[in-house]
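The exercises below ask you to read a protein model step by step, with the sequence and the coordinates at hand. Try each task before turning to its solution.

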Amino acid sequence: MSWAWVEVKPNENDLMHPGHLACQGCGATIAARLALKVFGKNAVFVIPASCWSVIDGAWPQHALQIPVFHTAFETAAIAATGIRAALDMKGRHDVHVVAWAGDGGTFDIGLQALSGAAERNENIIYITYDNEAYMNTGIQRSSSTPLGAWTTTTPDERPEDRPKKNMMEILAAHRVPYAATASIAYPDDFIRKLKKATQIKGFRFIHVFSPCPPGWKMASNLSVRVARMAVETKVFPLYEIEDGEVYTITHWPRGLPVEEYFKLQGRFKPVLKDPERLAYVQRYIETQWERLVRLHEASHGYLPEEARATIRSAI
Amino acid sequence: MKLIEKSQYTVLKGNYAVAYGVKLARVEVISAYPITPQTTISEKLADMTATGELKARFITVESEHSAISAVIASSLAGARSFTATASQGLALMHEMLHWATGARAPVVMVNVNRALAPSWNIWTEQTDSLAQRDTGWLQIYNESNQEVLDTTILAFKIAERVYLPTMVVLDAFILSHTSEPVEIYPQELVDEFLPPYEHPNAINFDDPRAIGAFARPDYYMEFRYNIQKAHEEALRVFKEETELFAEMFGRKYDTVEEFMLDDADYVLVLAGSTATTAKYAVAQLRERGEKVGVMRIKLFRPFPVEDVRRVLSGRKKVAVIDRNLSFGHSGIFYMETKAAMYGAKDRPPIFGYVAGLGGRDIRPQDIIDIYEDMKRREEPENIIWKGVRV
Ligand SMILES: Cc1ncc(C[n+]2csc(CCOP(=O)(O)OP(=O)(O)O)c2C)c(N)n1
Ligand code: SF4
Ligand SMILES: [Mg+2]
């Protein structure tokens, strides 16, 4: 057996250095790298318990070239709030305080503190990298786990039977100035949203879809493709909500059948084998999408041409 | 005119004494959540920050868990930070109390001692704070409203020298909602005593570190060792700072307070405002010729083992009166006192009394009863109930 050593030199322009501890193909790392390109050095990441508490590295090393503040699982939003308060008192208005949390830390255990911070319109950027389960503890369901998915607590014999919680609607209900979904497969869209977020004051929320090869039972070279398919099948639409009122779909998907997305991943094996269930999931996706399209139309007064093709029946 | 002569004399409830202590300490970030009997602390601080009397951000959070999380974070982002709570609120914070210590966040928290539910009970009992014994917080108990104000200021000084979170504890209602004369010191003098807050490991954009990063077994234990060393250091720092405080403000505190102990054969040990009742009872007993005194424990963590040994060694008998209980064992000051005395020379028998749970009155006569009961008894017991109907 022979070893091949590759010396990896950090890219000068990258604030995320090699040597982090994520799995190959980890969507959450791609998301962070992209985000840091926008934030630059004047940001602090607040990281609650999650894969990311490991990814950045074990003490005394860490991969990010910005300050990182680790905090308890349910406290990302409030720790970021505390840091913001201190930095404001010190006159450091030039820096971004970014909560960087998993779906579990956002949709579930951290929802209370998140709601508090959102409702008070704290001047922080909250980013949830969504891998649709508790990955750090070994792939257990979260309220972000989608309909039909396998996890270790929703085994093949009893796959997830509830739809993914709609976090964006929850944030919209808080009337926060900015909330957006994003995907690592659409870096331009993600970066545009990040930039927009940095130019707004108050509570900003970005929900970034971040595939997890081990958790989704897929090869590590598929992360970007799977993320793209999630968007193109309307499973994970890209849109933004301003002031909780104005909905804008930022990418009009091709509207591929959900199977195209499911079949790339082992976690949907049970649904794929169950035509009735698959049809149910497809129907659910359509209804959600149509609802979103209506909100977009209501916000803008018209629909672009490409919207028509994505809807089953005329609205 | 000396600065101290510019003090204002007023009458304050314990909770307002806290608020004035916080103001004099020039706290920069405050976060708290309402709970009786703490609420009036946050209300007063909300007022002070709203009017600009105190230049601080007040974060009106949605829970105590968030209150403590906010101030841990703000403390490590370089701002002097404060929270206050009681009972259920403190219990809810538990996870973050460990966090504060591990993160070396020198936040100061006031806990107003209140009994835990069920049954719902808002009156005083020490079990809430004592149950947080092993979280690594310094804990300082108080007997009067002046002491509450003084200790709030002292707490920041001590916490920020050893980078450990510090809990200032006062009794529900008996202190929190009872008015007493209080001296409010001039700001300049407090500024001389308490310099602006700095943390060497605070978030720094020019030196981007990971704060609270995970540590494998090859590093974790050293962090814990350092915390223990900081606690040992805190004992020395407590002595130094209370000395300095006495010089500057004219009030002397110590880890334990000794009352009528010079020639005492018998000692009553307790903490908090019940000490005032005990002193009153002891003064009466002294008139009857009884050789009895009081040792009031002020500093609970770090536990002042040497001082406790110095005071209690060679006495005939000791009674510890606990307004708290560790179910399945005994009162908590009792077990701590006993543990400290194990291995001391001339160790007296120590009797454990549990009284006043859930705010049941402890009157001077109860103290006298306890004293007489102890004198009569041959063998010490872990729990001798006082004032319970069985
Ligand atoms: C209070 C508390 N409960 C449970 C845990 C254990 N825990 C650590 S990370 C985690 C799951 C995190 O899931 P998510 O937020 O989705 O992030 P991911 O690991 O998927 O990146 C759990 C359950 C914890 N650290 N703290
Ligand atoms: S388990 Fe998934 S989310 Fe966690 S590091 Fe690996 S790929 Fe990333
Ligand atoms: Mg997750």
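**Exercise 1. Overall form of chain B**

Task: Work out what radius of gyration a compact globule with 390 residues would have, and set the value of chain B beside it.

Solution: The model is a predicted one, and every value used here is computed from it. For 390 residues, the expectation for a compact globule is a radius of gyration near 21 Å, and because chain B has 21 Å, the two agree. Taken along the principal axes, the box filled by the C-alpha atoms of chain B is roughly 65 × 55 × 45 Å. Turning to secondary structure, chain B contains twelve helices and 16 strands. Among its contacts with a separation of 6 or more, 82% are between residues 24 or more positions apart.

**Exercise 2. Surface and charge of chain B**

Task: Find what share of chain B is buried, and describe its accessible surface and its charged side chains.

Solution: Begin with burial, where 59% of the 390 residues of chain B count as buried. The accessible surface of the chain is about 15600 Å², and carbon and sulfur atoms contribute 51% of that area. Finally, count the charges: chain B carries 45 positive and 53 negative side chains, with the centres of the two sets 3 Å apart.

**Exercise 3. A residue in a strand of chain B**

Task: Decide whether Asn111(B) is buried or exposed, and list what it touches.

Solution: Asn111(B) belongs to strand E5 of chain B, which covers residues 108–113. The cut-off for a buried residue is under 20% relative accessible area, and since Asn111(B) has 0% relative accessibility, it counts as buried. When residues up to four places away in sequence are set aside, the residues touched by Asn111(B) include Thr85(B), Ala86(B), Ser87(B) and Leu90(B), together with Asp128(B) and Ser129(B). Also touched by Asn111(B) is the run Met167(B), Val168(B), Val169(B) and Leu170(B).

**Exercise 4. The magnesium site**

Task: Which protein atoms are the donors of the magnesium ion (ligand 3), and how are they spaced along the chain?

Solution: The protein donors are Asp103(A) through OD, Asn131(A) through OD1 and Ala133(A) through O, and they lie 1.9 to 2.1 Å from the ion. Along the chain, the donors follow the spacing D-x27-N-x1-A. Two of these residues, Asn131(A) and Ala133(A), are both buried.

**Exercise 5. A covered helix in chain A**

Task: Establish how many residues of helix H9 (residues 223–232) of chain A are buried, and which elements they pack against.

Solution: Helix H9 is mostly covered, as seven of its ten residues are buried. The buried residues of H9(A) are Ser223(A), Val226(A), Ala227(A), Met229(A), Ala230(A), Val231(A) and Glu232(A). Their packing partners in chain A are the strands E5 (178–183) and E6 (204–209) and the helices H8 (213–216) and H10 (258–262). One of these partners, helix H8, contains Pro214(A), which at 42% relative accessibility counts as partly exposed. Apart from neighbours within four places in sequence, Pro214(A) is in contact with Cys23(A) and Ile139(A). Just after H9(A), Lys234(A) takes a positive phi of about 70 degrees.

**Exercise 6. Backbone details in loops**

Task: Locate the cis peptide bonds that end at Pro60(A) and Pro37(B), then examine the phi angles of Asp243(A) and Arg26(B).

Solution: In chain A, the bond joining Trp59(A) and Pro60(A) is cis, with omega about 5 degrees, and Pro60(A) sits in the loop between helix H2 (51–55) and strand E2 (68–71). In chain B, the peptide bond from Thr36(B) to Pro37(B) is cis with omega near 0 degrees, and Pro37(B) lies in the loop between strand E2 (29–31) and helix H2 (39–51).

For the phi angles, Asp243(A) has a positive value near 55 degrees although it is a residue other than glycine, and it is found in the loop between strands E7 (239–242) and E8 (246–249) of chain A. With 45% relative accessibility, Asp243(A) counts as partly exposed. Arg26(B), likewise not a glycine, has a positive phi of about 55 degrees, and its place is the loop between helix H1 (14–24) and E2 of chain B. Arg26(B) is partly exposed, its relative accessible area being 46%.

How values were computed. Residues are numbered from 1 along each chain as its sequence is written. Chains are lettered from A and ligands numbered from 1 in the order in which they are written. This is a predicted model: local features need pLDDT of at least 70, side-chain atom pairs count only at pLDDT 80 or more; totals for chains, interfaces and linings use all residues. Side-chain values use heavy atoms; hydrogens and water are left out. Helices (H or I, at least four residues) and strands (E, at least two) are DSSP runs, numbered from the N terminus. The radius of gyration is taken over C-alpha atoms; the globule rule is 2.2 Å times the number of residues to the power 0.38. Buried means under 20% relative accessible area, exposed over 50%, partly exposed in between (1.4 Å probe, protein chains only). Contact means heavy atoms within 4.5 Å. Accessible areas come from the Shrake-Rupley method with a 1.4 Å probe; for residues, only the protein chains shown count as cover. Lys and Arg count as positive and Asp and Glu as negative; His and the chain ends are not counted. The place of a charge is taken as NZ of Lys, CZ of Arg, CG of Asp or CD of Glu. Donors are N, O and S atoms within 2.8 Å of the metal (3.2 Å for Na, K and Ca); water is not among the atoms, so sites may look incomplete.
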